[in-house]
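Q: Please take a close look at one part of this model. I would like one helix and its surroundings described in a connected way.

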Amino acid sequence: MRLLRYAWAFPASLVGLVFGAFCMACGARWRVIDGTLEIDGGGVARGVMRLPPGMRFGAITFGHVILGLDESTLHACRCHEQVHVRQYERWGVLFFPLYLGSSLVQLARGRDPYRDNCFEREAYRRAP
């Protein structure tokens, strides 16, 4: 069953692996924790700092790949990001348009497209 979850989420994980490879080429570190590949530091932090302020993040999940600014940020966000891993296992590559759609619906309602996104609400609710 676990192999099926990895396979279903693999297209999204591949996106994370591509971003992660660029980050590792720029000095990022990697480790495997709780069935996911976590990549932090180096190119991750530099890339995030180049984003507009409203788009910056401490950690982001693509399937079974989690990119984070640094090890302490990943430690602090791990439970939250693991909820997103389970969401990718449930929705596979459909997670991308579903997440975007939830954000757009919230934006159209005058709400916060991040905090009010149904996937983020679940992650904040389930993470201790």
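A: What follows starts at one residue and works outward to its helix, the neighbouring helix and the sheet.

This is a predicted model, in which local features need pLDDT of at least 70, side-chain atom pairs count only at pLDDT 80 or more, and totals for chains, interfaces and linings use all residues. Residues are numbered from 1 along each chain as its sequence is written, and side-chain values use heavy atoms, with hydrogens and water left out.

Ser102 sits in helix H4, residues 95-108. Helices (H or I, at least four residues) and strands (E, at least two) are DSSP runs, numbered from the N terminus. Ser102 is buried, at a relative accessible area of 9%. Buried means under 20% relative accessible area, exposed over 50%, and partly exposed in between, with a 1.4 Å probe and protein chains only. Leaving aside residues up to four places away in sequence, Ser102 touches Asn117, Cys118 and Phe119. Contact here means heavy atoms within 4.5 Å.

Now the whole helix. H4 has 14 residues and spans 20 Å from first C-alpha to last, close to the 20 Å expected at 1.5 Å a residue. The expected span is 1.5 Å times one less than the number of residues. Phe95, Ser102, Ser103 and Gln106 are buried in H4. Seen down the axis of H4, its buried residues fall within an arc of 95°, so they line one face of the helix. That arc is taken from the directions from the helix axis to the C-beta atoms. The face turned away from the buried side carries exposed Pro97, Leu107 and Ala108. The buried residues of H4 pack against H3 and helix H5 (118-126). Just after H4, Gly110 has a positive phi of about 80°.

Next, H3. A kink of about 65° is centred on Arg78 in H3. The bend at a residue is the angle between axes fitted to the seven residues ending there and the seven starting there. Arg78 is also among the buried residues of H3, as are Leu74, Val83 and Tyr88. Gly92 follows H3, with a positive phi near 60°.

Last, the sheet. Its 4 strands form an open, mixed sheet in the order E1-E2-E4-E3. Two strands pair if DSSP finds at least two bridges between them. The edge strands, E1 (29-33) and E3 (59-62), each pair on one side only. E1 and E2 (residues 36-40) run antiparallel, joined by 5 bridges. Arg29 stands opposite Asp40 in E2. H3 (residues 71-91) packs on this sheet, touching E1, E2, E3 and E4 (65-68).

Notes
Axes are lines fitted to C-alpha atoms, for helices over the stretch in contact, and angles run from 0 to 180 degrees between N-to-C directions.
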